[in-house]
Amino acid sequence: MMIVKRAVSVLWNKVLFPLYRGTIKAAKDKKYIRDKYHIQKNVRNVVIFGAPNHGNLGDYAIYFAECRLFARYLQKGNIFGVNMRDFQHEIRALRRLLQKEDLLILTGGGNLGNQYMDDEKIRREVILRFPDNRIVLFPQTMYFTKDAKGEEEAGKTAGIYKAHRDLWLVARDERSCRDMERLFARKIRLLPDVVLTLQGEKREPKKGALLVLRNDVEGVLQAEHRTMLRQILQPLYGTVEETDTVVEAGEDLSCLEEKLRDKMEQIGSASLVVTDRLHGMIFAALMQTPCLVLHNYNHKVEETYKWIRDLDYVEYVPDVSNLQEALCRLQKEDCRYRADKVEKEYDVFMREIING
């Protein structure tokens with residue numbers, strides 16, 4: 001009898017009670033996630049995975065533009081983002097709550113590859129956990145490093161992506177499109193960075209020069225070149241300020257929309273922007289501010305520039321030794337940006353992924 005009691009006790013403590021406790025916790029988590037994201041029956045959900053939980057305003061602008069698009073094309077839908085911080089402890093509950101009809105979005109950007117593995121791991125897990133949903137990768141730049149690690153991660157990504165039967169892949173530049181077609185052995189769509197669907201408001205008056213330069217792994221501008229820039233710009237523009245599109249966000253991610261608006265206004269108030277950041281270039285284009293664009297360590301700035309090269313107030317300069325000539329060409333006042341052309345390209349795409 002004692003042996004039986006001991007066996008029952010072990011069974012309860014080691015198996016049944018943890019299972020019971022896990023079931024209760026799962027039910028509570030499910031209710032919390034349902035309430036948090038306003039998930040309801042008979043309402044189609046659009047879930048944007050990988051929403052930024054950091055202060056990179058370029059990434060936040062992408063997420064903001066994606067939300068704006070879906071709000072326009074799916075007015076009765078429930079649109080929400082799951083940020084990178086919350087993903088790991090919410091994905092299980094979301095897996096139980098979301099239905100086959102829900103549309104899952106992998107946010108766009110420049111992080112498809114092995115340089116930013118946190119983003120890539122989120123994409124892989126979403127694709128594996130939701131085999132029956134339509135999943136759409138918004139326009140991405142792809143870059144796997146040309147080494148053993150890059151080849152290994154590219155192989156893992158290809159295996160997971162190829163196995164999904166309703167995965168839509170979109171490149172935001174021609175080079176990435178070719179690379180993605182080779183890696184995934186399928187037709188890849190090509191669309192510009194989604195932030196270009198936004199329409200900025202031109203600000204007057206404009207004053208001074210603004211340097212929007214990277215201080216991370218993707219920046220290649222040396223200290224002496226920064227000094228040279230200031231020496232060239234000072235006589236022409238009077239004041240030369242330096243900023244970046246990365247800001248402090250802290251825990252309160254609701255501040256990012258206001259910080260994005262402030263950054264756009266700062267860029268819009270300058271007479272000239274010099275940048276090696278992709279979204280520094282795009283923000284200047286939207287705000288109709290003359291912009292000198294420098295290259296960075298990979299192809300994403302140069303390739304994205306091709307979408308807006310018809311704007312005569314934005315110029316890409318691959319070599320800093322040619323700055324003077326480019327600056328003379330950028331002495332412009334009649335700068336105009338219209339999002340109509342990009343909106344038309346996205347119109348077809350949005351209707352297909354929602355209704356197709």
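Good morning. The protein chain before you contains 12 helices and 12 strands. Please keep in mind throughout that this is a predicted model.

Let me begin with the chain as a whole. It has 356 residues, and 52% of them count as buried. Its accessible surface comes to about 17,800 Å², with 51% of that area belonging to carbon and sulfur atoms. If we take the contacts with a separation of 6 or more, 74% are made by residues 24 or more positions apart.

I turn now to the interior. In soluble globular proteins, nonpolar side chains tend to be buried together. Here, the largest nonpolar core has 60 residues, and Phe70, Phe138, Val314, Phe349 and Ile353 are those with the most contacts inside it. Helix α2, which spans residues 57-73, supplies the largest share of this core, namely 9 residues. There is also a second, separate core of 37 residues, including Phe49, Val82, Ile160 and Leu183.

Which residues does Phe349 touch, once its neighbours within four places in sequence are left aside? They are Val136, Phe138, Val170, Arg189 and Leu191. Of these, Phe138 has already been named among the residues with the most contacts inside the largest core.

Next, the charged residues. Side chains of opposite charge can pair when their charged atoms come close. The structure holds 27 salt bridges, and I shall present three of them.

The first joins the side chains of Glu90 and Lys36, at 2.6 Å from N to O. Glu90 belongs to helix α3 (residues 87-97) and Lys36 to helix α1 (residues 2-36), so this pair ties together parts that are 54 residues apart in sequence. Glu90 is buried, at a relative accessible area of 1%, whereas Lys36 is partly exposed, at 30% relative accessibility.

The second pairs Arg124 with Glu120, whose closest N and O atoms are 3.4 Å apart. Both partners lie in helix α4 (residues 117-129); because they are 4 residues apart there, about one helical turn separates them. Arg124 and Glu120 are both buried.

The third is between Glu242 and Arg226, with the closest N and O atoms 2.5 Å apart. Glu242 sits in strand β9 (residues 240-243) and Arg226 in helix α7 (residues 223-237), so a strand and a helix are tied together across 16 residues of sequence. Glu242 is partly exposed, with a relative accessible area of 36%, while Arg226 is buried, with 15%.

Salt bridges may also share partners. In this way Glu120, Arg123, Arg124, Lys149, Glu152, Glu153 and Lys156 are joined into one network. The pair Arg124 and Glu120, described a moment ago, belongs to that network.

Finally, I ask you to look at one histidine. Where is His164 placed? It is found in the loop between α5 (148-163) and β6 (167-171). Is His164 buried or exposed? His164 is buried, because its relative accessible area is 6% and the limit for a buried residue is under 20%.

The side chain of His164 has a polar atom 3.0 Å from the backbone nitrogen of Asp166. A polar atom of this side chain also lies 3.5 Å from the backbone nitrogen of Leu167. Leaving aside neighbours within four places in sequence, His164 is in contact with Ile127, Phe130, Pro131, Asp132, Asn133, Ile135 and Arg186.

That concludes my presentation. Thank you for your attention.

Note on methods
Residues are numbered from 1 along each chain as its sequence is written. This is a predicted model: local features need pLDDT of at least 70, side-chain atom pairs count only at pLDDT 80 or more; totals for chains, interfaces and linings use all residues. Side-chain values use heavy atoms; hydrogens and water are left out. A nonpolar core is a set of buried Ala, Val, Leu, Ile, Met, Phe, Trp, Tyr and Cys residues joined through side-chain atoms within 4.5 Å. Buried means under 20% relative accessible area, exposed over 50%, partly exposed in between (1.4 Å probe, protein chains only). Helices (H or I, at least four residues) and strands (E, at least two) are DSSP runs, numbered from the N terminus. Contact means heavy atoms within 4.5 Å. Accessible areas come from the Shrake-Rupley method with a 1.4 Å probe; for residues, only the protein chains shown count as cover. A salt bridge is a side-chain nitrogen of Lys or Arg within 4 Å of a carboxyl oxygen of Asp or Glu. A polar contact is a pair of N or O atoms within 3.5 Å; within protein, one must be able to donate a hydrogen and the other to accept it, and residues adjacent in sequence count only if both atoms are side-chain atoms.
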